[in-house]
Amino acid sequence: MRCNGWPLGVLAAVTKGLFILWAVPGQGARPLQPPTLQQIQALVRYMAEDAQELFTFYEENQRLAINHLCHTNHPPEWLRGPAAGSRGLRGLRGLRGTMARMSQALQDIIRHQRDLNPPGAEILLRLNSTHLKVRGLLNNLEGLYPAPSPRPGRRPLPGPTAPTKVFQQKLEGCRILWSYARFMAKLNAQLEARSRQARREKQRSRRGSRLPARS
């Protein structure tokens, strides 16, 4: 189906992209204003959807959808699941380090895929899009929890990849994307549950305030 000449799938992607830009006002820099909890929740929800879509595409594109090769039960320590933590935005403080590590992991996957695909390949576009979202969430978290960032050391450029290592790198990248998708799904579920609880408490508080005072 089309709308004004545009495929609905393309329109949905554009709409999602525009929402991400709205929710992340400081692309490439710290946000001008700290984000609200609702903005963070909305961004995490879209990132969880995007993470699952990216993993599914990567697994099929790299021909790894065999015997659940990528479904590892031993994710990296920094992707072993978000802790519920305290309520509100304060509980997201530990997420900053995770997003920084994920940003670096995505850069490594992108660098490897650039050696295997021509510029403009769909897999590169999808990886770069996800990396942009990760950087956007990281920028917002840095706006909430400002702290001096250590100067990154220069990483040596990788040399030519031996053919025997290509499959290993593909599999490692796939497993990281699988772990990332599960991490974001858990984080989204936690934030949604926290939001529902807050709404219930607010409703109870309103009902209590409406009760007539006893004489």
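Biologist: In which helix of this predicted model does E59 lie?

Modeller: E59 lies in helix 2, and the structure is a predicted model.

Biologist: What makes E59 a residue without a salt bridge?

Modeller: A salt bridge requires a side-chain nitrogen of Lys or Arg within 4 Å of a carboxyl oxygen of Asp or Glu. For E59, the nearest side chain of opposite charge is that of R175, at 9.4 Å, and therefore the criterion of 4 Å is not met. E59 is nevertheless buried, a term reserved for residues under 20% relative accessible area.

Biologist: Which residues does E59 touch, not counting those up to four places away in sequence?

Modeller: E59 touches L64, A65, C70, H71 and C174, where touching means heavy atoms within 4.5 Å.

Biologist: Which residues touch the most other members of the largest nonpolar core?

Modeller: Among its 43 residues, M99, M102, L137, L177, Y180 and M184 do so. Helix 2 (37-61), helix 3 (95-114), helix 4 (122-144) and helix 5 (163-210) each give two or more residues to this core, with helix 5 providing the largest share, 11 residues.

Biologist: With what is M99 in contact, leaving aside its neighbours within four places in sequence?

Modeller: M99 is in contact with M47, V134, L137, L138, L141, Y180, F183 and M184.

Biologist: How many helices and strands does the protein have, and in what order do they run?

Modeller: The protein has 5 helices and 2 strands, running β-β-α-α-α-α-α from the N terminus. Of its 215 residues, 36% are buried, and of its contacts with a separation of 6 or more, 82% join residues 24 or more positions apart.

Technical notes
Residues are numbered from 1 along each chain as its sequence is written. This is a predicted model: local features need pLDDT of at least 70, side-chain atom pairs count only at pLDDT 80 or more; totals for chains, interfaces and linings use all residues. Side-chain values use heavy atoms; hydrogens and water are left out. A nonpolar core is a set of buried Ala, Val, Leu, Ile, Met, Phe, Trp, Tyr and Cys residues joined through side-chain atoms within 4.5 Å. Buried means under 20% relative accessible area, exposed over 50%, partly exposed in between (1.4 Å probe, protein chains only). Helices (H or I, at least four residues) and strands (E, at least two) are DSSP runs, numbered from the N terminus. Lys and Arg count as positive and Asp and Glu as negative; His and the chain ends are not counted.
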